[in-house]
Amino acid sequence: MDGFIRLPLGDVVAEAIQWVVDNLGGLFDVIRAVFVGMYDALALVFGAPSFWIVAAIALVIGVLARGWVFGIGSGVGLLLIAAVDQWDNAMSSLALIIVATVWALVLSIPLGIAAAKSDLVSKVLRPVLDFLQTMPAFVYLIPALLLFRVGVAPGIFATIVFAMAPGVRLTELGIRGVDREVVEAGHAFGSTGGRILRQIQLPLALPTIMAGVNQVIMLALSMVVIAGMVGAGGLGGDVVASLNRLDTALGVEAGLSVVILAIILDRLTGSFGKRMGLLAQLKATRAARADRAATADRAEPVAVAA
């Protein structure tokens, strides 16, 4: 605007990132090697077996986690991915999602715990998390490319930065939501702060924390396509290729595969901490039998005395 002083904020940030590249390049080369190594290992684990084996494993896990309907649906969904010739891309994308999710949780859960323990940390983190959640995802790719070069590493880095905010927020929310009387009872019995965190706060906050894990995974899935623009490959690479070539068929097949992975991961992580699925039913049956046995043991002396 004429007559108004221009603030060179972008230039300052660009110079700061260039300084990081010039002076800390070795550190980011190590991080890149870690990302790529984890990604290659997971891609091999998922991609080496036949898709029939992976679909069967998914079916079993689904039945144990949520029941027969979800288990069969998971197996059929993975077979559909294989039927449209997107299996290798889907397994590559799944490996990227898991690596990014693991690192996002490694960073976000401790930060959420620190924010729950300290109001100062919470106040400092809140605007940072707002910034991370509202910044367009494409912007993260620019420093990621400068730091990690083209490939899967910048995709993982951008996904971590984009997806970690809900993990921090919901971890803090879950711990702050624990009943204070329960925490005070732990202090009254002489428990240390670390023991109260491990044995009281984290278990009681687990459903909320798992909701954060679910949101981290969903945001990581939303970055799959964007990561394909920096050479990450997988389903995102095919979506980008279909856009460049206006190939509707390829775009629909790759997009449908992303949707199937999203539904499976969403329902699977949503079942954690809830009593559902065959495994939960078996545990409930075993607990009921134990309760009946204990009740019978208590009633037997009374009957003998009578």
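Modeller: In this predicted model, the largest cavity encloses about 40 Å³ of space, and the structure holds one cavity of 30 Å³ or more.

Colleague: Which residues line the largest cavity?

Modeller: The lining of the largest cavity is made up of Y39, S92, S93, L96, V224, A232, G233 and G234, and the greatest share of that lining comes from helix 5, with three residues.

Colleague: How many residues of the lining of the largest cavity are nonpolar, polar or charged?

Modeller: Glycine is counted among the polar residues here, and with that convention the lining of the largest cavity divides into four nonpolar residues, four polar residues and no charged ones.

Colleague: Let us stay with helix 5 and turn to T101; is T101 buried or exposed?

Modeller: The general idea is that a residue with under 20% relative accessible area is called buried; T101, which lies in helix 5 (residues 87–117), has a relative accessible area of 7% and is therefore buried.

Colleague: Which residues is T101 in contact with, leaving aside its neighbours within four places in sequence?

Modeller: With those neighbours set aside, T101 is in contact with V216, I217 and A220.

Colleague: And why does V128 count as partly exposed?

Modeller: The partly exposed class falls between the 20% limit for buried and the 50% limit for exposed, and V128 belongs to that class because its relative accessibility is 41%. V128 is placed in helix 6 (residues 119–134), and its C-alpha atom is separated by 8.9 Å from that of A165, a residue 37 residues apart from V128 along the chain.

Key: Residues numbered from 1 in each chain as written. Predicted model: local features only at pLDDT ≥ 70, side-chain atom pairs only at ≥ 80, totals over all residues. Heavy atoms only, no water. Helix = DSSP H or I, 4+ residues; strand = E, 2+ residues; numbered from the N terminus. Buried < 20%, exposed > 50% of the residue type's maximum accessible area, 1.4 Å probe, protein only. Contact = heavy atoms within 4.5 Å. 1 Å grid on protein atoms, 1.4 Å probe; cavity = no way out; pocket = protein on both sides within 12 Å on 5 of 7 lines; lining within 4 Å. Points joined across faces, edges and corners; volume = space filled by probe spheres on them.
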